[in-house]
Amino acid sequence: MSMSKFNEYKGLNLPNVAKQVLEQWEANKVFEQSVTSRDENKPFVFFEGPPSANGLPGIHHVMARAIKDIFCRYKTLKGYQVKRKAGWDTHGLPVELGVEKELGITKEDIGKKITIEEYNNACKEAVMRYTDVWNNLTRQMGYWVDMNDPYITYENKYIESVWWLLGQLHQKGLMYKGYTIQPYSPKAGTGLSSHELNQPGCYRDVKDTTCVAQFKLKGIEKEEVITIDELHDDENEPVPHLKPLNPIQEEIYRLQQNGEEVFFLAWTTTPWTLPSNTALAVGSKISYFLVKTINQYSGKHINIILAKDLFSKYFEISDNIKSKDLIVGNHMLTLAGTPYENPENILNDDLLRDLPKELINKGRISHWDILAECIGNDLISLEYEQLLPYAQPYENADKAFRVIPGDFVTTEDGTGIVHIAPTFGADDAKVAKDAGVPPMLVLDENFNPVPLVDLQGKFRPEMGEFAGKYVKNEYYKDGEAPEKSVDVEISIKLKEENKAFKVEKYEHSYPHCWRTDKPILYYPLDSWFIKTTAVKERMIALNKTINWKPESTGTGRFGNWLENLNDWNLSRSRYWGIPIPIWRTETGDEEICISSVEQLKAEIEKSIAAGFMTNNPLADFEIGNMDKTNYDKFDLHKNYVDNIVLVSPSGKPMKRETDLIDVWFDSGSMPTAQLHYPFENKDLIEKQQLGVADFIAEGVDQTRGWFFTLHAIATMVFDHVAYKNVVSNGLVLDKNGQKMSKRLGNAVDPFETLDKYGPDATRWYMITNAQPWDNLKFDLEGITEVQRKFFGTLYNTYGFFALYANLDNFTYAEAEVPIANRPEIDRWIISKLNSLIKDVDAAYHTYEPTRAGRAIQEFVNDHLSNWYVRLCRRRFWKGDYSEDKIAAYQTLYTCLEVVAQLASPIAPFYSDKLYTDLASISGKGNTTSVHLSDFPTVNESVIDTDLEQRMDIAQQVSSMVLSLRKKEQIKVRQPLQKLMIPILNATFKRQLQEVADLILSEVNVKEIEYLEDTSGVLVKSIKPNFKTLGPKYGKIMKQIAAQVNQFTQNDIQEFERNQGATITVEGQQVELDSNDVEIITQDIPGWLVQTEGGLTVALDITISKELKEEGIAREFVNRIQNLRKDSGFEVTDKIALKILQHNEINEAINNNKNYICTETLTSRLDVVNELNEGVSVEIDQNLSTLIAIEKFN
RNA sequence: AGUCCCAUAGCUCAGUUGGUUAGAGCGCUACACUGAUAAUGUAGAGGUCCGCAGUUCAAAUCUGCGUGGGACUACCA
């Protein structure tokens, strides 16, 4: 027999357990084994989204990484080989900004005060600064990922693979250089990424001068000359021809014929863009009004067009009319009499000058007359006079100044007609391009097309009196800004020219450059783009094959994103990043995209031959040699490659395009770049499909980040998905639901948390408290609760097992007791256990860790500990080492072992401790680690739902009896004689009988009487079953229910006898059968009764003399046990007792002497008349005596 | 502004294909238990299922419109 014992502990210290287990893992290389020991032909591919080591990890990283870890561990248990390569995201703006700050330089200084090489080296150092901290977090939280051989995005091999991917895109014609509107900071002289714009505090509310400008329609031509070619006959005379006009155009035509002016109204918050206006956009289905009214500044009669919905924003209407009810012909005050004119009003500094009260009311004009109504479509292609004719577009000027459709036009604000300046708005540029309207570009000194505002943010010379002025006062140096901004000056000019309908201040949010604090401009800039729109449909189709958790992120957020896809702006005008591998001639008509170092070396050779370069910096690079040393001989960063000049096929020099690529492309390239594909590992990618992840997980904020770039690159280059399953987790908020931030001081330090509570409790809490995709309100007290409730209970259960197993020298050496030979309760917990395996397996399989965790903890707390162990305690410490006892040990052992395995993905440390504590003694399973074991397989044949049902009955009955006892203040130790339960059907009776013993011992009652329904004493109630009746009788359901509820006891008996009844409801015959109602017992007259959910229990509470004595004896046993314990005796020690006699207990002791002695291992019990040395014990209220206890030899 | 998520007891969360008395844990109060004891049991208090409208015989559940919180994207007159 083995002498080894199960480990016993004095207390549970989860952080210490984690430390010990971690040491074991490292000593035994458990992680490595968990990979190598699994079948390499059964890979489960996981991609690690690379964090940036530039910043410190937060508690949310623990969350995100726990999720990744859980499924990788689970799949490992299921026998898959799960390689997990760590990675580092090393490029990008945050790194650069940090370095600039540290070095005290700005972007402009790079290349001047410091060489790009020095700068890049500083970035390289900075970015890996916190790798140790990250590695520690990874270790401590038990995230298994291979940190020894991570992919690093700044390494030459990685960059080479990225270049190869770019080369593929270039080859497929998916890369182009384009001119687009981008956020631009004139003061900093640089474009800004959306990332930069989303820095906190960038969007600020500012008050700008806004202007509703009047764009005057050109005269509508009704007559059109038809040329000869179009005539069928041979007449030579051109014939005047009446062009068909739609009704609104007719109306405008009529007005114009009368010498009246007609204007479009369009609003802008940036009047400085008005000189660059080239079009007006309308919503094709929006309703517009043509209104005769008056200009409040010039006092002139005018006719204007604006959206119907916005009419009431500018015009006063009577209280009893709603704006949507306005129709043509409605009018307010007539416009009779002399036009109101007041030149002073125009020149007044005050921009908002009200008309006299009779003309304007609360800023709304009260003189108006609705002349016509139309929809936007009717207005399209109408032409208007250029508002501020300083310059003309250098090309297609004849196509400008027209009304075009814009699907983004709304009637939320403004006028429902949008001023379009294609050079200063992304939407503007798009609709203008779609409609063939040119942007306001003029040719500069070098005949390059440029907008009317230069890169410093000043108006160009073409702008007359505005030339040289900054478009925003903020761009002037301190103290140099003029009193009136150009926005104000332009507004005044428009007022003077009867071109401003309304000018006012307006507060809105506008982005500012986070570095200079100045407002940004939207400005056309040159960039390299990836034509993602070309593969949009394919990306949408492939996305439908991806399993998103939660699904809504995939269909909703991601799906919509794909539907509205724009081309991917790849360019970044920075230094520390992957250079765009494109070399171009000056004119741009010849270019090459380099896809490998080998190719670059060869191209340089050509260039040397052509005389553009003198030596080859890649001369030492050995082609085909994949050693790190070979790849360390050069550097593919900007500082290195910008010196390389290549030669074009026609013999011209080609220089590298100066931009870097978006860092998101770096990380999106990782599936292949981490393996240096296609230069190495070709088979892994092409044959084993390791380029497609079975599973990835990141925060939901990565939807348009990493999730997108992975998907886009995989679709474009390989035409397959990059991942099959993806979990996007929510945020970790503080306990009040606020976002965690260092600024608010509510950020939780992950290391402190892990140290204090241990990784297991932290992970368990995070996973079970909220679904991964819901935001988690992180509360440290929640971890304490998990510690106590789940781990504490599990630990106690193991402790209980170990204590008695060691006493009995149980080591699981005996053969399995056949399940059929085990008692009901064992079979029950085994059934529950197998149901649990099934549920947990399914939950993990469907990426639902929360379900898995909650199921496990319910099993451990409610079933295993609070029921199985509690009810079985006696079996463990009472009697011989019988088969029943062995069955109990085996059952409990199995439960603990399986729980350890099921819980191990979530709580890897404690589970391992528990599992190895068990396995090391029994030799069962893998004795090194739970993580090297195999996921338990469910044994369907032992799942017994009837048994689980019966146990539910037992639990419910017990609970009800205990409740009754409580009401009557009868202690559980006081035995009672009888329990009565009405039986309504045979199944219930059988089920109850099979668990009767359990109930009786649990509630300390001697017998159960089954009340068959013959006596007629039971009071019953009947309830309609809505689920069956509802579909059948629908409308009269309520009345049926009312009638059934009215059934008398007689009606119910009648129903039972006939197994049904027919009632009449609202003249309709309603057939009820036994499925249509539920009949339950409600009361047993004359008894102490409890009813709950159809189950009724009656308790006989008469206490006979024998019962009373037995109760006293039990009290004694309890007191003696306490004394034994207080005296420090071993559980196995025998004792001798002396009890001071007392009239009320003597008989009770004598009549139950045998019972007392066996229960307490008492070899000798004397009731004595006198006792000096004993301890006073209270048996009942006002009933005490003395007991003396000593060890018996 | 658009898209998405969330809203149920003081707190954290469950709530099956819609079915009539909406649950659990924690916390609180009281009692009990005491050979798992830094545990455990029982009972009690605690709810406008965010609001409004609709579909339905029947809505916490489905639909629409709002409100509040959060995220992402955009910045557009």
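**Notes on a predicted protein model with RNA strand B**

1. Start in a loop. Asp719 is found in the loop between α23 and β32, the strand that spans 723-729. Asp719 is not a glycine, yet its phi is positive, at about 55°. Keep in mind throughout that this is a predicted model.

2. Now take the helix on one side of that loop. Helix α23 covers residues 706-718, and it packs with helix α15, residues 536-543. The angle is about 115°, and the axes are 10 Å apart. At that angle, α15 is roughly perpendicular to α23. The crossing of α15 past α23 is right-handed. From α15, the contact uses Arg538, Met539, Leu542 and Asn543. From α23, it uses Phe708, His711, Ala712 and Thr715. By class, these contact residues are four nonpolar, three polar and one charged.

3. Two cis peptide bonds deserve a look. One joins Lys549 and Pro550, with omega about -5°. Pro550 sits in the loop between β23 (547-549) and α16. Another cis bond runs from Tyr677 to Pro678, where omega is near 0°. Pro678 belongs to the loop between α21 (670-673) and α22 (682-686). Find each proline in its loop, then check the bond before it.

4. Next, Lys85. This residue is in strand β3, residues 85-88. Which side chain does the side chain of Lys85 meet in a polar contact? The partner is the side chain of Asp149, at 3.1 Å. Asp149 is also among the residues in contact with Lys85 once neighbours within four places in sequence are set aside. The others on that list are Glu48, Val145, Asp146, Pro150, Tyr151 and Gln674.

5. Turn to the RNA. How many residues are around RNA strand B? There are 59, and those that come nearest are Trp267, Thr268, Arg973, Phe1026 and Val1131. By class, the surface near the strand has 18 nonpolar, 20 polar and 21 charged residues. Look at the RNA side as well. Of the strand's atoms within 4 Å of the protein, 63% belong to sugar or phosphate, and the rest belong to bases.

6. Which elements build that surface? Seven elements each give at least two residues: β10 (262-268), α16 (551-563), α26 (780-807), α28 (849-877), α31 (945-968), α34 (1026-1033) and α37 (1105-1126). The largest share comes from α28, with seven residues.

7. Three arginines show how protein atoms meet the strand. A polar side-chain atom of Arg854 is 2.9 Å from a sugar or linking oxygen of RNA strand B. For Arg870, a polar backbone atom lies 3.4 Å from a base nitrogen of the strand. For Arg1124, an N or O atom of the side chain lies 2.3 Å from a base oxygen. Compare the parts involved. Arg854 uses its side chain towards a sugar or linking oxygen, while Arg870 uses its backbone towards a base.

8. Helix α26 contributes to the RNA surface, and it also packs with helix α29, residues 883-903. Their angle is about 145°, and their axes are 11 Å apart. The crossing is left-handed. On the α26 side, the contact is made by Leu794, Thr797, Tyr798, Phe800, Phe801, Tyr804 and Ala805. On the α29 side, it is made by Tyr889, Leu892, Tyr893, Leu896 and Val899. What classes do these residues fall into? The count is 11 nonpolar, one polar and no charged.

9. Helix α31 is another contributor to the RNA surface. It packs with helix α32, residues 986-994, at about 75°, with axes 9 Å apart. The two helices are therefore roughly perpendicular to each other. Asp946, Gln949, Arg950, Ile953 and Val957 of α31 make the contact with Phe988, Arg990, Gln991, Leu992 and Glu994 of α32. This contact has four nonpolar, two polar and four charged residues.

10. Finish with one residue of α31. Gln955 lies in this helix. How far apart are Gln955 and Trp867 in sequence and in space? They are 88 residues apart in sequence, but 8.4 Å apart in space, C-alpha to C-alpha. Leaving aside neighbours within four places in sequence, Gln955 is in contact with Trp828 and Trp867.

How values were computed:
Residues numbered from 1 in each chain as written. Chains lettered and ligands numbered in written order. Predicted model: local features only at pLDDT ≥ 70, side-chain atom pairs only at ≥ 80, totals over all residues. Heavy atoms only, no water. Near = heavy atom within 4 Å. Polar contact = N/O pair within 3.5 Å; in protein donor to acceptor, adjacent residues only side chain to side chain. Helix = DSSP H or I, 4+ residues; strand = E, 2+ residues; numbered from the N terminus. Nonpolar A, V, L, I, M, F, W, Y, C, P; charged D, E, K, R; others polar. Axes fitted to C-alpha atoms, helices over the stretch in contact; angles between N-to-C directions. Parallel < 35°, antiparallel > 145°, perpendicular 65-115°, else oblique. Left-handed = near helix turned anticlockwise from the far one by under 90°. Contact = heavy atoms within 4.5 Å.
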